[in-house]
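Please find below my notes on the model, set out as numbered points. They are best read with the structure open alongside.

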Amino acid sequence: MHFLLKISGKLIALKRRTVAIMILSFVVLSATLAYMLEPDTFSSWFNAFYWVMTTMSTVGYGDFYAASLPGKVFTIFLYIFGIGLLSLVIGKVVEAFGEMQRRRGAGTLSFHGSDHVVLINWSRKTQAAVDEILCYAPKCRIVIIDETGRHPLEQMEQVHFISGDASSDEILLKASIGSARAAIVFGDIRIDESSLIDGKSLLIVSSIERIAPQVHTTVEIMQEKNIQNFRHVQVNEFVVSHDAVSRLAVRSALQEGNSEVISQLLSRQHGDDIYEVPLNTDWKTYGDAFQALLLQGATLLSDRGDLGINRKLNLPVPADARLYIVSDEETYRRITGK
């Protein structure tokens, strides 16, 4: 008994690859030996292999069985050792899944994918960003990078977590930053000083721009005076955190209902939204585009950041124009044919 327990302990301690090779070798040798012992019973090596597998798994259909004494002795051998080895394999598989789940929760697994969104620094704002992304694109993969040691949204399968310093090349590469669709850096609210928060964010976006300059980067800035520093590292978009909230509060106080309109445009979960529409060759002027879109139930809002195109309706639409409309999702899909 002590000998069997000792052997079992050594087998359990073996690496998964070693166990897999042992099991494969055992099955192949067992099938070969069974066929050699009773060639008339099995008629082919594959039938012997099939019998070994059904015997080891305790299924035992009864379509093949050993008829000779050596064959029966070998069957007993399979019962004793084969079933034990198969149980060992099942245990290793379960252990592997458990280990992968633990590593996923701890944020040590690399992400392998593309066209995903990377969110950096976990907070309530990050949680809201996850909800908004999934509202826009329910199938979008999201990677969260944070220095905490636990996955904040472990129950969401399409949200991957990587634990570590986001300014590190190793961590960014684990997030497959080079094939990401976009990266959003939120201010680390665990830091007390606003200038230090911006300093950390600047370090992170500098690393991103150096490794993957093609990725669209958006960063939350705590102090407006630091905007020039972020422009210097060629950040695509930036949002001044407290400034946006303050302006929305003032508009709500001085212009009743104003904030409700802005809130609708900020989130796809409420009312109409802003969408980019492709250029149509029939639109020679902004007026042509405005009227054509209006007839389909959408309002032409801007060309890139120019909100004054309703005063330029007679001007031609540039070839590199990027037109944005306000509409509901159904109208947008009808216009774009999606």
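1. Which residue is the bridge partner of Val-277 in S9? The model is a predicted one, and in it the partner of Val-277 is Leu-323. This pair belongs to the antiparallel pairing of strand S7 (residues 273–277) with strand S9 (residues 323–327), which extends over five bridges.

2. The side chains of S7 alternate along the strand, and the two faces can be told apart by burial: Asp-273, Tyr-275 and Val-277 point to one face and are buried, whereas Ile-274 and Glu-276 point to the other face and are not buried. Val-277 thus appears twice in these notes, as a buried residue of S7 and as the bridge partner of Leu-323.

3. Six strands form an open sheet with parallel pairing, and their order across the sheet is S3-S2-S1-S4-S5-S6. Strand S3 (159–163) and strand S6 (237–240) stand at the edges, and because each has a single partner strand, one side of each is left without a neighbour in the sheet. From one strand to the next, the twist averages 15°.

4. Within this sheet, strand S4 (residues 182–185) runs parallel to strand S5 (residues 216–221), and four bridges join them. Val-185 is placed opposite Val-219 of S5. Helix H8 (residues 194–211) packs on the sheet, where it touches strand S1 (117–120) as well as S4 and S5, and the direction of H8 makes about 175° with that of S5.

5. Ten salt bridges are found when the whole structure is searched, and one of them joins the side chains of Lys-125 and Glu-220 at 2.3 Å, N to O. This pair links distant parts of the chain, since Lys-125 lies in helix H6 (residues 124–136) and Glu-220 in strand S5, 95 residues apart. How buried or exposed is Glu-220? Its relative accessibility is 7%, and because buried means under 20%, Glu-220 counts as buried. Lys-125, by contrast, is partly exposed, with a relative accessible area of 38%.

6. Two further salt bridges can be described in the same terms. Glu-154 and Arg-150 meet through their side chains at 2.9 Å, N to O; Glu-154 is partly exposed at 21% relative accessibility, and Arg-150 is partly exposed with a relative accessible area of 48%. The side chains of Asp-306 and Lys-312 form a salt bridge at 2.7 Å, N to O, where Asp-306 is partly exposed at 26% and Lys-312 is partly exposed at 30%.

7. A network of salt bridges should also be inspected: Asp-146, Glu-147, Asp-188, Arg-190 and Lys-200 are linked in it.

8. Helix H4 (residues 45–56) packs with helix H5 (residues 69–106) at an angle of about 65°, their axes being 8 Å apart, and the crossing of H4 past H5 is right-handed. On the H4 side the contact involves Trp-51, Val-52, Thr-55 and Met-56, which meet Phe-74, Thr-75, Leu-78, Tyr-79, Gly-82, Ile-83 and Leu-86 of H5. By residue class, the contact of H4 with H5 consists of eight nonpolar and three polar residues, with no charged ones.

Definitions and conventions
Residues numbered from 1 in each chain as written. Predicted model: local features only at pLDDT ≥ 70, side-chain atom pairs only at ≥ 80, totals over all residues. Heavy atoms only, no water. Pairing = 2+ DSSP bridges. Axes fitted to C-alpha atoms, helices over the stretch in contact; angles between N-to-C directions. Contact = heavy atoms within 4.5 Å. Salt bridge = Lys/Arg side-chain N within 4 Å of Asp/Glu carboxyl O. Buried < 20%, exposed > 50% of the residue type's maximum accessible area, 1.4 Å probe, protein only. Left-handed = near helix turned anticlockwise from the far one by under 90°. Nonpolar A, V, L, I, M, F, W, Y, C, P; charged D, E, K, R; others polar.
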